[in-house]
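This report walks through a single protein chain, one part at a time. Please keep the sequence and the model side by side while reading.

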Amino acid sequence: MRIKKKSFLLKLIFSGVVIYFLVGVWNKSPSASQEWEQRGLNANWASLRDFAKYHGPRFKTSACVSAAKSWRITANFTMNSVLDALSLTSGFQLPVTTTAAMSRADKTQTVPDTEPLQVIVIPHSHNDPGWKKTYREYFDDQTTHILSLMVKKLHEYPDMTFIWVESTFLDTWWLNQTLETRSRFKELVDSGRLEIASGMWVAPDEASPHYFALVDQMIEGHYWVKKNLGIVPESSLNYDQFGYSSTMPYLNKLAGIKHVLIKRINRWVKEKLGTQHRMNFRWRQIWDSQGLDDIFAHVDTYEWMSISDSCGPDRPTCMKLDFKEQPDLPDPNKPVPPAGGRIPLETLANSLVEQFRLKNANYKYNVMMLPHGGDFRFDTEYEWDKQYRNMKIFMKYVNERKDFNVQMRFGTLKDFFMEVDRQTEKYGLNYPVVTGDFYSYTENQDYWTGYFTTRQFNKRLGREVLESLRSAELFAAVAISGHVDGQVRQQILSDLVIARKNLGIFQHHDAITGTSKKHVARDYELLLTSAFTSSQRVLATAVQLLLSGDGSNSKLSGLMPLLARPTENRLTRQVLLPMYQAGTQLLLVNSLTQSRRELVSLLVPVSNITIIDYKNNEVAFDLYQVASGTFKINFVVDFPPLGLVILTVKQSNKNRDQIENGVKVEVVTNSNRNNIRLQDTEKTRMTCENSLMNVTFSLITGTPERLCYHGKQFCARMQIDWRWFQERGGAYASITHGRSVPLTTANMTVKSIRGSYTCGIEVTSGFYSYNMTLTLVHSAPGQALKVTVLSDLSKAVEKMGNFAMRVKTDIKNELFFVDSAGLQMMGRKFRKDLPFDGNIYPMSSMAILEDAHARLVVHSAQPHGVVGSTSGEIDFMLDRVAMRPEMDLPEPVKDNKPTLTTFFMEMLPSSIFEGHVSMETTVPTINSIFLNDLLQHPIYAFSSHENGYVASKVKSFLHHEISCDFVLANVKNLAYSNDNLHDGLSLTVFRRAYGCHGNLTELFCPVNNEAEIIPDAIFNPRKANPNYDVREMFLSHLKEKRKLGSNERVRMRAMDIKTFHLRSRE
Ligand SMILES: [Zn+2]
């Protein structure tokens, strides 16, 4: 290495300063790892009182300042207000088509008549990464030909343009292309004739995904586009999602996208927006009163993306532009052919130009996009030639007809928005500011709200992969920051790339939605299973590397994940802990950047075991026989932030059935329920209690009845019922009209379960069973009821319908709140004049009901459709059998499998939360945020027969515990897709807004009101003196914002998301 003298001197001085600074910091606050060691933490806490003493925050927490206090809605209108107005005026009778009112739109004279109507013809092909065919089937049959023909034909027709959306298909195609084809492709992109619009890995559904997965697939796509094509997408094309969230425009804005185009919104809403010239707006986030993150949105008219809905309100007229299906137009340059079958050009042009004018009347400007394509179009040479030749003839004729005052040309989405921007500036056009989202979507007379719940098995599996991948990326990031054997690094990167590409594909709007054919859904299960397995493998390797210290994992090869997915269509299962002669090493991994106290559950083959922590203390556990030769053990572990705990499990020499130092869980079956007299409270009720709260259960009905919180001396009713909604819809639409019946409890078996760490009930009833437990540990999970539901609708008596969980409280609410992509809470209202099914909304991870007295918070580990039709009640659709064929999808959705659903439920007194900001949003308390984090980011367990791990039993890889409002929203070990060349670390940090906690006595997760992070000092890397080059990037790495100084503090406002690119200088 060549070191310049001057630079060496500077480095020396700089290093001195850094060392001085570090020593100073070190003295004040040791690293999290060191601190945990110093505290000599026992993995099992005997005394709960010690907890607060040790668990206190490591930074000064000051008085809570809720970010939401300053939030005010500054939009011209919210989408809730649009729905309210429609409700009043129309009673929500959906128009028969979107065309009637829109064809009457009276064009305001915002642009003078002298300005010709510009019609930008945008040839395109919508390629679903799976729907009726699998990803691979589509690629082999059509997509690869479309892309290859695109290169050939755009070179042949030098004025033709094309747009492409999904990067995943580009990546698959690219791998098989010669350097020459690649460079011809790049030429087209560089010339601007081929636009990569959006450029995300897929065009994701916006109802069910979590922000981690949305950001992940966005980075995967944009990074690919940037690295391989050297371009930056500027517009986002969202043609086929069934409704649009308010989270996605925020992510687009943060990525540097300038314009978004959406299409499939509620038919009524579209009509109204069109007649009011509000089809363009500046989309604003609820919290963004200054409009700092506004993004320009364009709603395309009419319903479908096909040519029939492209040119104006009249479908048969627009279809005449689909030249693939029409006779050729007469070529004016050639002798006039016999008239038979030819449409006179003049008649055609007259009728189409009239349609153009009608379409354009919905907008303020005189420019119109004419999308020309559809699903998997342009897959044959015949179509390319026919569409191009005839469109040229048609455009030439129209452009020459001066009386039309229309200018037609080929262009891209970017060309269209450039012209919009030009006219906006030239004529001073103004657009309203809008806040909110576009649910629920309607198609014909149906509300597409069934897909929020369809194929729940896959939705849950997708989230398991997300959790596993996030942990793997995080630990791999720290593990490969030091010296690592090249082959090991390659294997890690290639496993990570597989996992995130597959997870990305699953966010597609026919994948996570459950709206594909059965064999395609199975293909997604295979992709997710492979992603899960590879991410668990990476996590195991990373942990081995981190513990071995020398960068090779050869001597510690025996780390086995204790979760397995042997087949794609079964639930992920816990692996029985292997019992080795010399003891089994148990490695428990916490991927959260906060310390946590959790109950860990494992399956063991014998009951005579001993668990030993690193101070050689025995760890107490609960033991519960689940099957012959299988026992479940529960024990409490305190985890350091982003770290791991190692325990030893040994089998004693005593009788196999003896319990060494555990407590046998008491299980009482109340199967003779009918004989229990209702007055006999001893037998009909049970109460579970920990230091924070108690829950009373009815052993008759198998439901909780009351939750009481000690500190607040607060009690509230909370019951849970199970219902069956009669369903006539298909994969997409929900058609229940709200008709539901309670599920029979005739054959219900209720067991009461009491251990030293858990208490609750276990209920079996026909096709479903559930657990409701209170953790008897003074901890964040100890403030909530955990509900786990296992259902198998293939065994339900009714052959069609929705299985739902209804939570009933005394809260008097008009609104209910559900989250959007885990990022923000959206205010929803049950509008009685809207059909019941139009009131179902998507939830990704949280729902809230509140009044002046109390708040119910339901946290979920998977997405659901949610509706609150009665004050105090909220229904969660858990799974569905949907028999109606929809969207040319001939198959009913009836491939239900045993499916697991998990919730945490909290009931908070009003004194500890702030009322909602408006009807638009509310904010969770910091404890609620933490509880949700615990659910999203579970502990992972590994076993080993090695003893090499004994040296360090509690380890954190975080430099300091991070304030609880911060979350590592995405972590990616960047790698060039083709050769897996490591390109440093992508780190996305999200600072959540939270409500103040009033006089809440205990914070389980400390917050630091300084609201700062130091990107290069988050991790405790393996290398002693890491030297990072840190850049702040736009969200998805398309562009760089600035270079950061070493150890620079970055301030973040509430709801800020910032992405950093960290590269080691060595
Ligand atoms: Zn699609």
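Two strands are said to pair if DSSP finds at least two bridges between them, and helices (H or I, at least four residues) and strands (E, at least two) are DSSP runs, numbered from the N terminus. This is a predicted model, in which local features need pLDDT of at least 70 and side-chain atom pairs count only at pLDDT 80 or more, while totals for chains, interfaces and linings use all residues. Residues are numbered from 1 along each chain as its sequence is written, and side-chain values use heavy atoms, with hydrogens and water left out.

**Strands and sheets**

With pairing defined, strand β7 (residues 280-284) and strand β8 (residues 295-299) can be described as antiparallel partners joined over four bridges, and within this pairing W283 stands opposite I295 in β8. Both strands belong to an open sheet of six strands with mixed pairing, whose order is β1-β11-β7-β8-β6-β5. The edges of that sheet are formed by β1 (77-78) and β5, each of which pairs on one side only.

Elsewhere in the chain, strand β34 (residues 801-809) has a partner in strand β28 (residues 714-725), which runs antiparallel to β34 and is joined to it by eight bridges. In this pairing T809 of β34 is the bridge partner of M718. Strand β34 also pairs with β41 in the antiparallel sense, over eight bridges, and here N802 stands opposite R880 in β41.

How enclosed is strand β34 by the rest of the structure? Nine of its nine residues are buried (buried means under 20% relative accessible area, exposed over 50%, and partly exposed in between, with a 1.4 Å probe and protein chains only), so β34 is largely enclosed by the rest of the structure. G801, F803, M805, V807 and T809 point one way from the strand, whereas N802, A804, R806 and K808 point the other way, and all of them are buried.

**A long-span helix**

Helix α18 (residues 518-548) has 31 residues and reaches 45 Å from its first C-alpha to its last. This is close to the 45 Å expected at 1.5 Å a residue, where the expected span is 1.5 Å times one less than the number of residues. The helix is mostly covered, since 24 of its 31 residues are buried.

**The zinc site**

Donors are N, O and S atoms within 2.8 Å of the metal (3.2 Å for Na, K and Ca), and water is not among the atoms, so sites may look incomplete. The protein donors of the zinc ion are H126 (NE2), D128 (OD), D240 (OD) and H509 (NE2), which lie 2.0 to 2.1 Å from the ion. In sequence these donor residues are spaced H-x1-D-x111-D-x268-H. D128 lies in the loop between β2 and α6 (135-156) and D240 in the loop between β5 (235-238) and α10 (247-255), so this pair ties together parts that are 112 residues apart in sequence. D128 is buried at a relative accessible area of 1%, and D240 is also buried, at 8%.

What arrangement do the four donor atoms make around the zinc ion? They subtend angles of 88 to 163 degrees, which makes the arrangement irregular. By definition, four donors count as tetrahedral if all angles lie between 85 and 135 degrees; four count as square planar and six as octahedral if opposite donors are over 155 degrees apart and all others between 65 and 115; anything else is irregular.

**Salt bridges**

A salt bridge is a side-chain nitrogen of Lys or Arg within 4 Å of a carboxyl oxygen of Asp or Glu, and by this rule the count comes to 69 salt bridges. Three of these pairs are listed below.

| Pair | Closest N to O distance |
|---|---|
| R422 and E115 | 3.1 Å |
| E419 and R422 | 2.7 Å |
| D895 and R455 | 3.0 Å |In the last pair, D895 lies in the loop between β41 (873-881) and β42 (899-909) and R455 in the loop between β13 (446-447) and α16 (456-479), so that distant parts of the chain, 440 residues apart, are linked. D895 counts as buried at 14% relative accessibility, and R455 counts as buried at 6%. Salt bridges that share partners also join K152, K153, E156, E381 and D385 into one network.

R422 forms a salt bridge with E115. R422 lies in helix α15 (residues 413-426) and E115 in the loop between α5 (99-102) and β2 (117-126), so the pair ties together parts that are 307 residues apart in sequence. R422 is partly exposed, with a relative accessible area of 34%, whereas E115 is buried at 8%. E419 and R422 both lie in helix α15, three residues apart, about one turn of the helix. An α-helix has 3.6 residues a turn, so residues three or four places apart point the same way.
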